[in-house]
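The following note is offered to a colleague who is meeting this structure for the first time. Please read the numbered points with the sequence and the model in view.

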Amino acid sequence: MSKLIIANFKMNGTKSSIEEWFNTFSREANTSNEVIVAIPSPFLINFADNGIRVAAQNVSPYVSGAYTSQVSAEMLKDCGIEYSIIGHSESREFLKETDEDIFNKYNQLIKYSIKPVICIGEPLKIREDNLLQSFISSQLKYFEDLENELIIAYEPIWAIGSGLIPTVEDINEVSELIRGICKNVRILYGGSVNKENASNLLNNSNIDGVLVGGASLNPKEFANIAQSC
Ligand code: PGA
């Protein structure tokens, strides 16, 4: 089965730099893996139809109304968006999103047939205190035994942007835990993925893909990652 390779630009890029990124990536990449690029929301409508799947980085948990600054699932659908990241640790931290908010976002996306990419992952302290299993289980409590196919990105917070990545055994332990809670799931790994470590990660049969932040900003490096298995 092909792997899912997602770029997360976070709050980076301009219309012209993103256009250049897509041009370079299309020239460089030669892969049968599924590629998705999560770009900042002002540009979604410009790139929704450019031959490479585009994702939003977040969505409102509400339908519509007096929620200044928020973007609804209906709006994303109207722009032609098929995927959205939800629950990224940076949104959980800076926007104070709770597991319940994230489940409400999930439900909004499902209502509009947009595929959620649900991010989970522990801070270092939780791992050091041996609380990993209960922490991850609690982040997944709303997603237990759902029938829909879920895409879960396991992104340990301490691995994001740090150059550190968990061992294969650590990733396999979490992947087993996720598969024990969620029935029908594709598991991605995220956190300091780059062209040097991608092939190792993607050749692990417990990992169905990767979510790439910093290294995805360089289209040649991301093309390299996308074709590393
Ligand atoms: P990183 O970010 O690849 O820069 O560590 C991953 C993410 O936050 O999705």
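1. Does K10 count as buried, partly exposed or exposed? The model is predicted, and in it K10 has a relative accessibility of 21%. Buried means under 20% and exposed means over 50%, with partly exposed in between; K10 therefore counts as partly exposed. The residue is found in the loop between β1 and α1. Its phi is near 55°, a positive value in a residue other than glycine. Most residues other than glycine have a negative phi. K10 is also listed with H88, E155, G161 and S192 as the closest residues to the ligand.

2. The surroundings of the ligand deserve attention next. In total, 13 residues surround the ligand. By class, this shell has 7 polar, 4 nonpolar and 2 charged residues. Three contacts to oxygen atoms of the ligand may be inspected in turn. For N8, a polar side-chain atom lies 3.4 Å from a ligand oxygen. For H88, an N or O atom in the side chain is 2.7 Å from an oxygen atom of the ligand. For G161, the backbone provides the N or O atom, at 2.6 Å from a ligand oxygen. On its own the ligand has 280 Å² of accessible area, and the protein covers 95% of this.

3. How many residues of strand β1 are buried? Strand β1 spans residues 4-8, and 5 of its 5 residues are buried, so the strand is largely enclosed by the rest of the structure. The cover extends to both faces: L4, I6 and N8 are buried on one side, and I5 and A7 are buried on the other. N8 thus appears here in a buried position of β1 and, through its side chain, in a contact with the ligand.

4. The pairing of β1 can be followed to two strands. Strand β2 (residues 34-38) runs parallel to β1 and is joined to it by 5 bridges. Strand β8 also runs parallel to β1, with 4 bridges between them. A7 has a bridge partner in each: V37 in β2 and V212 in β8.

5. Strand β8 covers residues 209-212, with G209 and L211 pointing one way and V210 and V212 the other way; all are buried. Strand β7 (residues 185-190) runs parallel to β8, and 3 bridges join the two. Within this pairing, G190 stands opposite L211.

6. Aromatic contacts form a further topic. A search of the whole structure finds 12 aromatic pairs. In one of them, the ring centres of F25 and F222 are 5.5 Å apart and the planes meet at 40°, so the pair is tilted. The two residues lie in distant parts of the chain, 197 residues apart: F25 belongs to helix α1 (residues 15-28) and F222 to helix α10 (residues 219-226). Both are buried. F25 and F222 also belong to a cluster linked by ring pairs, together with F9, W21, F22 and F47.

7. F103 and F143 form an edge-to-face pair, with 5.4 Å from centre to centre and 85° between the planes. This pair, too, links distant parts of the chain, as its members are 40 residues apart: F103 is in helix α5 (residues 99-111), and F143 is in the loop between α7 (132-139) and β6 (150-154). What are the relative accessible areas of the two residues? F103 is buried at 19%, and F143 is buried at 1%.

8. Helix α1 offers another residue for inspection. I18 is placed in this helix and is buried, with a relative accessible area of 1%. Between I18 and F43 the C-alpha to C-alpha distance is 8.6 Å, while 25 residues separate them in sequence.

9. Two further residues complete the note. Q139 lies in helix α7 and is buried, with a relative accessible area of 7%. A polar atom of the Q139 side chain lies 2.9 Å from the backbone nitrogen of G121. S113, by contrast, is exposed, with a relative accessible area of 56%. S113 has its place in the loop between α5 and β5 (115-120). Although S113 is not a glycine, its phi is positive, at about 55°.

Conventions. Residues numbered from 1 in each chain as written. Predicted model: local features only at pLDDT ≥ 70, side-chain atom pairs only at ≥ 80, totals over all residues. Heavy atoms only, no water. Near = heavy atom within 4 Å. Polar contact = N/O pair within 3.5 Å; in protein donor to acceptor, adjacent residues only side chain to side chain. Areas by Shrake-Rupley, 256 points an atom, 1.4 Å probe, with all protein chains shown as cover. Nonpolar A, V, L, I, M, F, W, Y, C, P; charged D, E, K, R; others polar. Phe/Tyr/Trp six-rings, centres within 6.5 Å; stacked < 30°, edge-to-face > 60°. Buried < 20%, exposed > 50% of the residue type's maximum accessible area, 1.4 Å probe, protein only. Pairing = 2+ DSSP bridges.
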